Structures are given as C-alpha cells and as structure tokens.
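Me: I've got this one open in the viewer and I'd like to know how the labels are earned. Please take me through them, one call at a time.

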Amino acid sequence: MSILQTIGVRIAGVGSAVPPRRLTNKDLEKLIDTSDEWIVKRTGIHERRVVDPETEGTFTLARDALKEALDNSGMKGSDLDLVILGSVTSEMTCPSTACRIVDALGAVPAPAFDLVAACSGFVYSINIADSLIRSGRFRCVGVIGCDAMSTMVDYSERSVSILFGDAAGAAVLVADEDPTLGCLYQSMYSDGGLWKSLYAPRRPQEVHESDKDNPIRLNNLRMNGREVYKFAVVKFQDVIREALEETGLTVDDISQFVVHQSNTRIIDAAKERLGLPDEKVYINIDHYGNSSGGSVGLCLAQLWEAGKIKRDEYIMMVAIGGGMTWCANIWKV
Ligand code: UT7
C-alpha cells in the first residue's frame, strides 16, 4: 500500500470571519451610476461586507477565521505545523500574512506562506494541504482563504465595485488513520494567457493595451466582466463534470457542492446544466457578495455550523478566479 493510501485527512474544525460593516446596493447607488435592481438581476447580490481599513484587513479576518477553526477543533496554535493562506489582498508582499498569523496564534515556528490564486485561493490551498499531510511530512495544517477585496476596488468605478466583498474562511486539517477520509479527488488548472481578464497592475507598463482608456486607478482591480463570465460558466461546469467522471460518483452521491460565489447566474447555469438540486448548492452571495478567496471557506464554515455537512458524506468544492485559475475537489468529511 502506498503512503498516499495509508494516511487520511480529517477536517477537525472550520471557522470564518466577516467585517461587521455592510455595503448595500443602496449605498452604492449613492457612489456610482448603478441601481439595486441592476445589481440584483445581474449578480444576485444585495449587500456585501467591507473592512474598516484603519483597523481591519486580510490579516485580522484571516487570523480570526483560523482562530475560530482552532477553537472549534479543540486545538491551539501550537498544534499547527503549517499555515497556508490563499489571498490576493495580503497587506504586504513581505512578510507573508500567513507568517504574521503563525505569530499571532502562537504557532511559531510553523512554516507559513501565502498562496496567490485569486478566487481559487481556498480550494488550491486545501488541495495542497491535503497532499502535504498525505505525504507524511505534516500532521496538522491551518488552511485559510481570505480576501479584503474592498481594499483593491476603485469605488468610483461601477464594473467591479458592485461585485466584491470581504470575508475569510478557514479549516484545520489533521492526519487521520482512516485513509478514506479527506480529499479523494482534486483538480487545479491555470491559463496565464487570460491574465488581462482580471488583474491589478502596479505600474503603467503592466496596463494591457486594451485597457488603456480604463479609468480604474493603479493597484486596483480591473475586470473584463463579460470575458470572465463566459469563461467561468464553461469551466465551472467542466470541473464538476470531470470530478464526477474521474471518481465514478454522481450528483446523488455528493451531499453539498460548496462553490465559489462568483455570480448567481454562473452558479445557476451549472445547476441547470448538471442537474444540481437547490438544496445541495449553498448560496450566500446575496449577503456577502463575491469575496474571492474567502468565499468557498466562508460557505464551508456556514454549512458546517448549520449542521449541513455530516461525517462520512462526500462534498465537492469548486472555484474559478483570476489567473485565470480553476479547480475542484471531492472530500469525504
Ligand atoms: O470571481 C471570479 C471573477 N469574477 C466573476 O466571476 C465575475 C464574472 N462577470 C460577471 O459577473 C458579470 O460580467 C458582471 C456582473 C460583472 C457584469 O454583468 P454583465 O451582464 O456581464 O454586464 P456587462 O458588463 O456586459 O454590461 C451590460 C450593461 C452595459 O451597458 P450597455 O453597454 O448595454 O448599455 C454596462 O455599461 O450594463 C452596464 N453596466 C452597469 N449598469 C448598472 C455595467 N456595470 C453596471 C452597473 N450598474 N454596476
């Protein structure tokens, strides 16, 4: 039996954190030329959470989410032997936010790193964590997906400001003697040729030719919504279909599809095409918007807390994001 089959991975606990401040569609109507009706119809979003940049950010949200996951696991920071944070909004490029979280939670000298995969951040991170635990080198890994997207949104521009919100979701993964527990299937992809669909240039020379008239400020997010939308609709369905085909499982075998809250219409298209029942596809985009790397972890934590994820059931996580990146997994929890 290979080492991959001798070690299982158990989700010991999950947690989440969102800032208290709500930014409603009505609030946005006062800032930009948009309407509550347009936003709800095109995205399904009514409100999103945004940080107070003076006191909150990716560090505080991600730290609080992992702390809650540890508490819910009955564990402490010193039990962690690795922390991975999927985020595109880390306050600093050096040090990583993950390193500061290790310090804040008493996990020094656990290794830590930030992983950049945009909206795919949590699913990439949990896939990698599962593989590292199965390798036998790590026994307890804190995984966080967190983005404070409001810190990179230009609120004078309507193409992205309506979509994004801030949130963090976390999970504590531990090695388990039952090798059937954990990620039984995972996929991760990227296509950097599509980078200009969703990017945040730091310098003028990084602004793509097709974007030169775009008024969005440097360091803020630019998105060709139409391009991303078309890509996401296709890939969202492709990764779900592929995961089911590769494992021989059917929609009936999956208890919950924990999906990135990109846009209600993208999720609805997958539900319709693949026959995913409403009760198996959790939606919280109406209240939290698209929180990028935070979204799948937040959904997982909310589902867990509501008792909708049960031991020994199969769940599937799915995400698509900037890069472009796309990914999925199937877990026996
Ligand atoms: O998380 C992964 C990354 N992101 C995504 O998955 C997002 C994918 N894309 C989307 O969700 C959608 O493309 C958006 C919600 C961002 C935009 O919806 P859309 O249906 O693709 O709108 P559009 O950009 O094609 O614009 C349609 C019309 C345009 O007007 P005209 O040219 O038809 O007169 C826009 O100027 O809607 C106008 N428009 C707006 N109107 C009111 C664009 N943004 C707004 C707005 N309020 N905020």
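Reply: Let's start with pairing: two strands pair if DSSP finds at least two bridges between them. Strands are DSSP runs of E, at least two residues, and helices are runs of H or I, at least four residues, all numbered from the N terminus. A word on the ground rules: this is a predicted model, where local features need pLDDT of at least 70 and side-chain atom pairs count only at pLDDT 80 or more, while totals for chains, interfaces and linings use all residues. Residues are numbered from 1 along each chain as its sequence is written, and side-chain values use heavy atoms, with hydrogens and water left out.

Me: What makes strand S1 and S7 a pair?

Reply: Strand S1 (residues 8-17) and S7 have 9 bridges between them, in the antiparallel sense. The bar is at least two bridges, so they pair. One spot to look at is Val14, which stands opposite Ala171 in S7. S7 also pairs with strand S6 (residues 140-148), again antiparallel and over 9 bridges. There, Gly142 has Val172 of S7 as its bridge partner.

Me: Why is strand S7 said to be largely enclosed?

Reply: Buried means under 20% relative accessible area, exposed means over 50%, and partly exposed is in between (1.4 Å probe, protein chains only). In S7 (residues 166-176), 11 of the 11 residues are buried, so the strand is largely enclosed by the rest of the structure.

Me: Which residues show that both faces of S7 are covered?

Reply: In a regular strand, side chains alternate between the two faces of the sheet. On one side of S7 are Asp166, Ala168, Ala170, Val172, Val174 and Asp176, and on the other are Ala167, Gly169, Ala171, Leu173 and Ala175; all are buried.

Me: What about strand S11, and how many of its residues are buried?

Reply: For S11 (residues 254-259) the count is 6 of the 6, so this strand too is largely enclosed by the rest of the structure. S11 runs parallel to strand S12 (residues 314-321), with 5 bridges joining them. Ile254, for instance, has Tyr314 in S12 as its bridge partner.

Me: Why is Gln261 called buried?

Reply: The relative accessible area of Gln261 is 0%, and the limit is under 20%, so buried is the right word. Gln261 is in the loop between S11 and H9. A polar contact is a pair of N or O atoms within 3.5 Å; within protein, one must be able to donate a hydrogen and the other to accept it, and residues adjacent in sequence count only if both atoms are side-chain atoms. The side chain of Gln261 reaches the backbone nitrogen of Asn284 at 2.9 Å.

Me: Why does Lys332 count as buried?

Reply: Lys332 comes in at 16%, which is under 20%, so it gets the label. Lys332 lies in strand S13 (residues 325-332), and its side chain makes a polar contact of 3.0 Å with that of Thr180. Contact in the general sense means heavy atoms within 4.5 Å. Setting aside neighbours within four places in sequence, the contacts of Lys332 include Leu181, Asp312 and Tyr314.

Me: What makes Gly275 partly exposed?

Reply: Gly275 has 47% relative accessibility, in between 20% and 50%, so partly exposed it is. Gly275 sits in the loop between H9 and helix H10 (285-288). Not counting residues up to four places away in sequence, Gly275 touches Val251 and Ala270.

Me: Which residues come nearest to the ligand?

Reply: A residue is near a molecule or strand if one of its heavy atoms lies within 4 Å of it. Of the 22 residues around the ligand, Thr34, Arg42, Arg226, Asn263 and Asn290 come nearest. H8 supplies the largest share of this shell, 4 residues.

Me: Which polar side-chain atom lies 2.6 Å from a nitrogen atom of the ligand?

Reply: That one belongs to Thr34. Oxygen atoms of the ligand have polar side-chain atoms of Arg158 at 2.9 Å and of His260 at 2.8 Å. At a limit of 3.5 Å, these distances fall inside the polar-contact range.
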